[in-house]
Amino acid sequence: YVKDGATLTIDPGTIIRGDKVNQGALIVERGGMLIAEGTADEPIVFTSNQAPGFRQAGDWGGVIVLGRAIINVPGGEATIEGGVNAQFGGNDDHDNSGILKYVRIEYPGIAFSPNNEINGLTMGGVGDGTEIEYIQVSYCGDDAFEWFGGFVNAKHLIAYSVFDDDFDTDFGYRGMVQYAVALRDPMIANDEGSRHFESDNDGDGTGDHEDEDDDNDG
């Protein structure tokens with residue numbers, strides 16, 4: 001956990017291995033800062049601590065970044081998925097949680113419980129003061145990228161051979177995503193259906209026409 005007021009800086013070229021036994025994750029709490037700024041020649045790599053050839057999706061948790069931007073839930077705050085007991089949301093759309101640039105996240109993604117998962121890169125209430133660029137999530141056991149509300153922009157994203165959705169938005173995410181590419185394995189998918197994009201206005205998938213007498217709510 002990167003706590004409120006703390007900054008974790010990761011140098012270019014660093015390799016960080018997630019533990020399989022306890023399925024560890026990196027959680028940047030509201031008010032914490034992660035400066036993970038790699039380069040094209042020296043990316044920062046989060047990967048499994050299993051030996052090459054024995055690594056697989058879901059070996060470890062993933063990276064969770066939380067902020068104080070607006071989210072579409074009653075009260076404006078929520079606890080992030082994944083059983084990590086961390087809050088997100090607020091009223092500062094320009095909140096800054098740091099920099100993630102030229103980062104590769106490999107073999108993450110675990111289900112803490114049904115519909116309560118850690119994704120490759122989870123962003124909860126992240127503001128547009130945060131830089132998210134040149135990120136690749138590979139072999140993820142859940143979604144590659146998921147935004148829970150917030151206002152952060154992201155560009156140059158790659159989702160490679162993930163189990164569930166490539167790009168998932170919930171709780172009224174309002175940022176912009178540019179240059180997003182997904183390459184899927186046709187033999188790998190969630191039984192409930194894996195999607196390139198899954199977007200919900202809130203946790204219940206409420207649509208604009210929920211009072212109409214039909215079965216086509218958004």
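Two residues are taken to be in contact when heavy atoms of each lie within 4.5 Å. By that criterion, and with residues up to four places away in sequence left out, Gly5 touches Gly31 and Gly32. The structure described here is a predicted model, and Gly5 offers a convenient way into it. Gly5 sits in the segment that precedes strand S1 (7-10). With a relative accessible area of 67%, Gly5 is exposed, since the threshold for that class is over 50%. Glu29 is 24 residues away from Gly5 in sequence, and the two C-alpha atoms are 9.3 Å apart in space.

Turning to the overall make-up, the protein has 18 strands and zero helices. Of its 218 residues, 46% are buried. Among contacts with a separation of 6 or more, 67% are accounted for by residues 24 or more positions apart.

One part of this strand architecture is an open sheet of six strands, paired in parallel and ordered S3-S6-S12-S14-S16-S18. The edges of this sheet are strand S3 (26-28) and strand S18 (197-199); each has a single partner strand, so one side of each is left without a neighbour in the sheet. From one strand to the next, the twist averages 10 degrees. Within the sheet, strand S14 (residues 145-148) and strand S16 (residues 167-170) run parallel and are joined by four bridges. Here Glu146 stands opposite Asp168 in S16.

A further series of parallel pairings can be followed from strand S2 onwards. Strand S2 (residues 15-18) is joined to S5 by four bridges, the two strands running parallel, and Ile15 stands opposite Val45 in S5. How much of strand S5 (residues 44-48) is buried? Five of its five residues are, so strand S5 is largely enclosed by the rest of the structure. S5 is also joined to S9, again in parallel, by three bridges; in this pairing Phe46 stands opposite Ile105 in S9. S9 in turn pairs with S13 in the parallel sense over seven bridges, and the bridge partner of Leu100 is Ile132 in S13. The series continues with six bridges that join S13 to S15, which run parallel. There, Ile135 has Leu157 in S15 as its bridge partner. As a general point, strands of a sheet pair through backbone hydrogen bonds, either parallel or antiparallel.

Several of these strands meet again at the second largest pocket, which holds about 190 Å³ of space. Which elements give two or more residues to its lining? They are strand S9 (98-106), strand S13 (131-138) and strand S15 (154-160). The lining includes Tyr102, Val103 and Arg104, together with Tyr134, Ile135 and Gln136, and also His156, Leu157 and Ile158. Pro43 and Tyr179 are among the lining residues as well. Ile135 and Leu157, the bridge partners already met in the pairing of S13 with S15, are thus both found in the pocket lining. By residue class, the lining divides into eight nonpolar, two polar and one charged.

Two loop residues show how positions separated along the chain come together. Arg55 belongs to the loop between S5 and strand S6 (63-66). Its relative accessibility of 23% places Arg55 in the partly exposed class. Not counting residues up to four places away in sequence, Arg55 touches Arg17, Thr47, Ser48, Gln50 and Tyr107. Glu106 is 51 residues from Arg55 along the chain, with a separation of 9.1 Å between their C-alpha atoms.

The second of these residues, Asp128, lies in the loop between strand S12 (121-124) and S13. Is Asp128 buried or partly exposed? A relative accessible area of 29% makes Asp128 partly exposed. Once neighbours within four places in sequence are set aside, Asp128 is in contact with Asp93, His94, Asp95, Phe151 and Val152. For Phe151, the C-alpha to C-alpha distance from Asp128 is 5.4 Å in space, across 23 residues in sequence.

How values were computed. Residues numbered from 1 in each chain as written. Predicted model: local features only at pLDDT ≥ 70, side-chain atom pairs only at ≥ 80, totals over all residues. Heavy atoms only, no water. 1 Å grid on protein atoms, 1.4 Å probe; cavity = no way out; pocket = protein on both sides within 12 Å on 5 of 7 lines; lining within 4 Å. Points joined across faces, edges and corners; volume = space filled by probe spheres on them. Nonpolar A, V, L, I, M, F, W, Y, C, P; charged D, E, K, R; others polar. Pairing = 2+ DSSP bridges. Axes fitted to C-alpha atoms, helices over the stretch in contact; angles between N-to-C directions. Buried < 20%, exposed > 50% of the residue type's maximum accessible area, 1.4 Å probe, protein only.
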